[in-house]
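Please look over this protein model. This report covers its salt bridges first, and then the empty space inside.

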Amino acid sequence: MTSAPGVPFLKGHGTENDFVIIPDPDGVLDLSPQAVARLCDRRAGIGADGVLRVVRAAAHPEARSMAEDAEWFMDYRNSDGSVAEMCGNGARVFARYLERAGLAEPGDVAIATRAGVRRVHIAKNGGDITIGMGTAELPDARNGADADAQYGADGEITVHAAGHTWPARKVGMGNPHAVAFVADLTDAGRLLDAPEVSPATAYPDGVNVEFVVAKGPRHVALRVHERGAGETRSCGTGACAVMVAAARRDGLDPREDGAPVTYAVEVPGGRLEITERADGEIEMTGPAVIVAEGRIDPALLS
């Protein structure tokens, strides 16, 4: 790191889902939504799908309750400046930064996120990183009193894009997902704008939408539109949501069958391996790479 003035940063990616990493151990930076959006601008800023601020859990009001279990908090922001609960690819890149900075060793480390503490395993010699993503939420509101609010009067969530409509499965992975199985990934169009999801009441805080095709036994591919970021090259929580939706579609449920299930999930930026264990815990394994570091002109953050 140079001695030039400015705020230190690094740039990294996980299967080409890219992030600006800002070390702020004592939580002193006032990182506004506007500053995040400027940082993530691919023409006028550094360019990224989101920002990972590295803060000690004890120094952040949203993470202090987790400080006994995890020293570091991943303060994740989408590229439009909005706050997000969790980012799986971001968590792997966050862990890679901790290793690079000498704040964590290869092996097991805990990271605090807005979706709770996540357990991470860093392989030796720069190998893949595995992160425990928690369990999937598969609400079955269709049998409840709020079925119309959650699913609509016809009992379904639907996704609309590029003149097409598909039924979708609601999956929670710390953040919300709508998973639609399609005949061809190009059917979703350019995904410059967020796909329409109905009923809107099913996702009051917005939603990540995944379009999925089968590639073979326990092998799927996806495209994703992330809320607050647009179409991205990869989405870790989205890949986990897709794996769970694909397994259920294939009649597999490890929590009932007692046997773990692993799917290969192709994203535009690479390949992830997703396992759902018999206890319902989902593990994601994939690469994480730091590609650059430098200093940010303070004017960009003001």
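## Salt bridges and a cavity

Arg248 and Glu276 form a salt bridge, with their closest N and O atoms 2.9 Å apart. The two partners come from distant parts of the chain: Arg248 is in helix H4, and Glu276 is in strand S16 (residues 270–276). They are 28 residues apart. This is a predicted model.

Is Arg248 buried or exposed? Arg248 has a relative accessible area of 15%, so it is buried, because buried means under 20%. Glu276 is buried as well, at 0% relative accessibility.

Glu276 has another partner. Its side chain also meets that of Arg255 in a salt bridge, at 3.8 Å from N to O. Arg255 lies in helix H5 (residues 254–257), 21 residues from Glu276 in strand S16. Arg255 is partly exposed, with a relative accessible area of 38%.

Now turn to another pair. Asp24 forms a salt bridge with Arg53, and the closest N and O atoms are 2.6 Å apart. Why does this pair tie together parts that are 29 residues apart in sequence? Asp24 lies in the loop between strand S2 (17–23) and helix H1 (33–40), while Arg53 lies in strand S3 (residues 50–56), so the salt bridge ties those parts together. Asp24 is buried, at 3% relative accessible area. Arg53 is buried too, at 5%.

The three pairs are listed here.

| Salt bridge | N to O distance |
|---|---|
| Asp24 and Arg53 | 2.6 Å |
| Arg248 and Glu276 | 2.9 Å |
| Glu276 and Arg255 | 3.8 Å |

Asp24 and Arg53 also belong to a network of salt bridges. Glu62, Asp75, Arg77 and Arg114 are linked in that network with them. How many salt bridges does the whole structure hold? A search finds 20.

Next comes the empty space. Rolling a probe the size of a water molecule over the atoms shows where such space is left. The count comes to one cavity of 30 Å³ or more. The largest cavity has a volume of about 70 Å³. It is lined by 13 residues. Which of them are closest to its centre? They are Asn78, Met86, Asn175, Asn208 and Glu226. Two elements each give two or more residues to the lining: strand S4 (72–78) and helix H4 (236–249). Helix H4 also holds Arg248 of the salt bridge with Glu276. By type, the lining residues divide into five nonpolar, six polar and two charged.

Definitions and conventions: Residues numbered from 1 in each chain as written. Predicted model: local features only at pLDDT ≥ 70, side-chain atom pairs only at ≥ 80, totals over all residues. Heavy atoms only, no water. 1 Å grid on protein atoms, 1.4 Å probe; cavity = no way out; pocket = protein on both sides within 12 Å on 5 of 7 lines; lining within 4 Å. Points joined across faces, edges and corners; volume = space filled by probe spheres on them. Helix = DSSP H or I, 4+ residues; strand = E, 2+ residues; numbered from the N terminus. Nonpolar A, V, L, I, M, F, W, Y, C, P; charged D, E, K, R; others polar. Salt bridge = Lys/Arg side-chain N within 4 Å of Asp/Glu carboxyl O. Buried < 20%, exposed > 50% of the residue type's maximum accessible area, 1.4 Å probe, protein only.
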